[in-house]
Amino acid sequence: MLLWLAYSGCHSVLVVSLMCVALFCNGAVTISTLTNHTDIAPNFAGTTFGIDQTLTSILSFIVPVVVGVLIDGQQTLGNWRNAFWTCVAMYTLTTIFYLFFASISVQPWNSLRGTWDVTTTHQDSVEKFNDNEEETNTLQTSVG
C-alpha cells in the first residue's frame, strides 16, 4: 500500500483511499503482535507490553526526524518516495524478524518461582488447593 501511495502522484482521492486501506491493514497486522505478550508470558504480559510500547513510543519521536532529513525542506514526490521506501524497508525487516523469532510458547521465565504452571487445568488447581487445605487442617489439629 505504501508503495502505491508513493507512486499515486497528486490524486487526492486515491491518496486518501490508499492511506485508509494501509491503516486498516496495519491494524489487522499489529493485533497479532499485541496479543503475543499474553501468549509468551501471561504472568508478565503487562510488563512486556509496557516495554514494547515504550520502545514504540521512542521510535514515534524519531520517525518525524528521519522523514525531515529525507525530505530536507523540499516537498517533492521523489523525496516523499524515499520516505515511503524507507517505511517499506522497515516494515519488511521487522516482519521477517517477527516471523523467524516470534513464538507462541510460554517462556520459562514466565514462571513465578516455579509455583504456577500455565498449562495447569482448573481441576488440577482445585485438587492442589484441596491437598494444601488438608495439610493445613492436619497441622492445626496436631499443633492445637
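**Close-ups of an all-helix chain**

**View 1. Asparagine 79 and the residues it touches.**
Set aside the neighbours within four places in sequence, and asparagine 79 is in contact with Leu70, Ile71 and Gln74. Keep in mind that this is a predicted model. Asparagine 79 sits in helix H4. Is it buried or exposed? With a relative accessibility of 16%, asparagine 79 counts as buried, because the cut-off for buried is under 20%. One of its contacts, Ile71, is itself on the list of buried residues of H3.

**View 2. The whole chain, for orientation.**
Zoom out for a moment and you'll find 5 helices and 0 strands. Starting at the N terminus, the order of elements is simply α-α-α-α-α. The chain has 144 residues, and 12% of them are buried. About 11000 Å² of the chain is exposed, with carbon and sulfur atoms supplying 69% of that area. Now take the contacts between residues at least 6 apart in sequence: 57% of these join residues at least 24 apart.

**View 3. Helix H3 and its kink.**
H3 covers residues 45–71, which makes 27 residues. Does its length come out as expected, or not? At 1.5 Å a residue H3 should span 39 Å, and its end C-alpha atoms are 38 Å apart, so the two values agree. Look along the helix to isoleucine 62 and you'll meet a kink of about 25°. Proline 64 comes shortly after that kink.

**View 4. The buried side of H3 and its partners.**
Which residues of H3 are buried? They are Ala45, Thr48 and Ile71. These buried residues pack against two other helices, H2 (12–40) and H4 (77–101).

**View 5. Aspartate 72, just past the end of H3.**
Right after H3 comes aspartate 72, in the loop that leads from H3 to H4. What is the phi of this residue? It is near 50°, which is a positive value in a residue other than glycine. Aspartate 72 has a relative accessibility of 56%, so it counts as exposed, the cut-off being over 50%.

**View 6. Helix H4 and its buried residues.**
H4 is built from 25 residues, and the distance from its first C-alpha to its last is 36 Å. That is close to the 36 Å expected at 1.5 Å a residue. Its buried residues are Asn79, which you met in the opening view, plus Ala83, Phe84 and Val88. Which helices do they pack against? The partners are H1 (2–6) and H3.

**View 7. Asparagine 110 reaching over to asparagine 43.**
Asparagine 110 lies in the loop between H4 and H5 (122–143). Its relative accessible area is 2%, so asparagine 110 is buried. Where does its side chain go? It reaches the backbone nitrogen of asparagine 43, at 2.9 Å.

**View 8. The spans that UniProt marks as transmembrane region.**
An unreviewed UniProt entry places the feature "transmembrane region" at residues 12–34, 54–71 and 83–106. How do two of these spans look in the model? Residues 54–71 are 100% helix and 0% strand, with end C-alpha atoms 27 Å apart. For residues 83–106 the figures are 79% helix and 0% strand, and there the end C-alpha atoms lie 38 Å apart.

Conventions
Residues are numbered from 1 along each chain as its sequence is written. This is a predicted model: local features need pLDDT of at least 70, side-chain atom pairs count only at pLDDT 80 or more; totals for chains, interfaces and linings use all residues. Side-chain values use heavy atoms; hydrogens and water are left out. Helices (H or I, at least four residues) and strands (E, at least two) are DSSP runs, numbered from the N terminus. Buried means under 20% relative accessible area, exposed over 50%, partly exposed in between (1.4 Å probe, protein chains only). Contact means heavy atoms within 4.5 Å. Accessible areas come from the Shrake-Rupley method with a 1.4 Å probe; for residues, only the protein chains shown count as cover. The expected span of a helix is 1.5 Å times one less than its number of residues. The bend at a residue is the angle between axes fitted to the seven residues ending there and the seven starting there. UniProt positions are given in the numbering used here, feature names are shortened, and annotations may be inferred rather than shown by experiment. A polar contact is a pair of N or O atoms within 3.5 Å; within protein, one must be able to donate a hydrogen and the other to accept it, and residues adjacent in sequence count only if both atoms are side-chain atoms.
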